[in-house]
Number of protein chains: 2
Amino acid sequence: MRRWSVVLVTTARGAKANVMAMSWHTMMEFEPPLVGCVISNRNHTFGILKATGECVINIPTVALAAKVVGCGNSSGRRVDKFKAFRLTAAPAARVAAPLIDECYASLECKVVDARMVAKYNFFVLRVLKAWIDPGRKSPRTIHHLGRGAFMVADRTIRLPSKMK
Amino acid sequence: MRRWSVVLVTTARGAKANVMAMSWHTMMEFEPPLVGCVISNRNHTFGILKATGECVINIPTVALAAKVVGCGNSSGRRVDKFKAFRLTAAPAARVAAPLIDECYASLECKVVDARMVAKYNFFVLRVLKAWIDPGRKSPRTIHHLGRGAFMVADRTIRLPSKMK
């Protein structure tokens with residue numbers, strides 16, 4: 001699996017789900033799997049993530065590029081992006097934020113460290129559950145094997161791994 | 001300019017310079033330009049960066065891929081990587097760590113926040129000066145224009161920018 005550059009972050013408050021495009025993120029640890037990311041406090045997602053402490057990082061395929069850019073160019077304050085860009089919300093297992101069914105993989109996350117949010121808008125997220133959808137229809141769950149490896153049925157994918 | 005996935009980080013202690021390959025990094029802010037990165041405390045670079053508070057992030061071209069992987073597979077504790085991989089150290093302007101002449105661009109950085117080093121090996125770096133070398137011979141300085149844009153003579157390149 002190649003390094004994902006732009007990902008789609010979903011959040012939910014009550015019945016209202018939102019999605020934003022995010023490019024400022026990095027893996028921080030394999031075990032437990034941690035992701036660090038910057039989400040501007042000007043973004044609608046910022047307030048929801050701060051309030052709920054939950055999100056899903058959805059990894060789009062190239063086929064979704066136009067929708068990703070659309071999400072990046074609009075705000076959830078004014079637009080229901082799931083409707084506007086015809087994205088399908090699917091229930092997650094551990095968080096209220098939805099998975100995006102069209103995405104290749106999804107990582108359910110919770111905020112585990114918010115110490116750098118005030119100064120840098122930087123959130124440390126722990127991946128609670130990871131999904132992959134090779135057939136792009138019904139996502140199957142994947143299991144974290146450590147050092148960025150995830151198992152899916154008989155397949156293995158890798159999240160961006162340290163040089164070695 | 002495309003998003004750089006793996007970069008080369010140089011550090012120096014006394015006359016001894018080191019270089020490591022790093023893939024866990026993210027832009028954190030445009031103004032001032034901040035980069036966040038994870039450097040494992042098992043890496044030789046970790047101790048030098050912690051002690052000196054300075055490094056250079058060098059952005060390789062694809063032509064350097066084999067050298068980058070070589071740097072990632074060896075340790076500065078045992079190997080002089082500049083020699084081993086025939087990389088040319090050039091003096092930086094604001095830090096003691098050298099630029100790598102073969103790289104496309106170089107960002108001179110100092111550590112501005114080390115609060116998350118103990119727990120996550122996560123450093124917040126401020127870019128003090130940026131260089132680009134379109135001709136790959138004598139690096140010219142570039143100037144930060146804000147929001148990730150840098151000017152080089154009459155050219156403009158962009159560091160990874162937020163969606164917009």
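## Exercises on a predicted model

**Exercise 1.** Determine which residue takes a positive phi in the hairpin of β1(A) and β2(A), and describe how the two strands are joined.

*Solution.* In this predicted model, the hairpin formed by β1(A) and β2(A) leaves 2 residues between the strands, and A:Gly14 adopts a positive phi near 60° there. Next, consider the pairing: strand β1 (residues 7–13) of chain A and β2(A) run antiparallel and are joined by 7 bridges. One partnership can be followed residue by residue, since A:Val7 has A:Met22 as its bridge partner in β2(A). Finally, turning to the covering of strand β2 (residues 16–22) of chain A, 5 of its 7 residues are buried, so that the strand is mostly covered.

**Exercise 2.** Decide whether A:Lys81 is buried or exposed, and describe its surroundings.

*Solution.* Begin with the location, which is helix α3 (residues 81–84) of chain A. The relative accessibility of A:Lys81 is 4%, and because buried means under 20%, the residue counts as buried. Its contacts beyond four places in sequence include A:Asn18, A:Val19 and A:Met20, as well as A:Cys71 and A:Arg86. Of these, A:Asn18 is 63 residues away from A:Lys81 in sequence, although their C-alpha atoms are 6.7 Å apart in space. For the side chain itself, a polar atom of A:Lys81 lies 2.9 Å from the backbone oxygen of A:Ser74.

**Exercise 3.** Classify the geometry of the ring pair A:Phe46 and A:Phe123, and place both residues in the chain.

*Solution.* Over all chains the structure holds 5 aromatic pairs. In the pair of A:Phe46 and A:Phe123, the ring centres are 5.7 Å apart and the planes stand at 65°, so the arrangement is edge-to-face. The pair links distant parts of the chain, 77 residues apart, with A:Phe46 in helix α1 (residues 44–52) of chain A and A:Phe123 in strand β9 (residues 122–132) of chain A. A:Phe46 counts as buried because its relative accessibility is 12%, and A:Phe123 counts as buried at 1%.

**Exercise 4.** Identify where confidence in chain A is lowest and where it is highest.

*Solution.* Start from the whole of chain A, which averages a pLDDT of 82, with 78% of the residues scoring at least 70. The lowest mean, 43, belongs to strand β12 (residues 155–158) of chain A, whereas helix α4 (residues 117–120) of chain A has the highest, at 98. Over residues 138–164 of chain A, pLDDT stays under 50, and the model has 80 contacts beyond four places in sequence for this stretch. Where pLDDT is low, predicted coordinates should not be read in detail.

Conventions
Residues numbered from 1 in each chain as written. Chains lettered and ligands numbered in written order. Heavy atoms only, no water. pLDDT = per-residue confidence, 0-100. Helix = DSSP H or I, 4+ residues; strand = E, 2+ residues; numbered from the N terminus. Contact = heavy atoms within 4.5 Å. Buried < 20%, exposed > 50% of the residue type's maximum accessible area, 1.4 Å probe, protein only. Polar contact = N/O pair within 3.5 Å; in protein donor to acceptor, adjacent residues only side chain to side chain. Pairing = 2+ DSSP bridges. Phe/Tyr/Trp six-rings, centres within 6.5 Å; stacked < 30°, edge-to-face > 60°.
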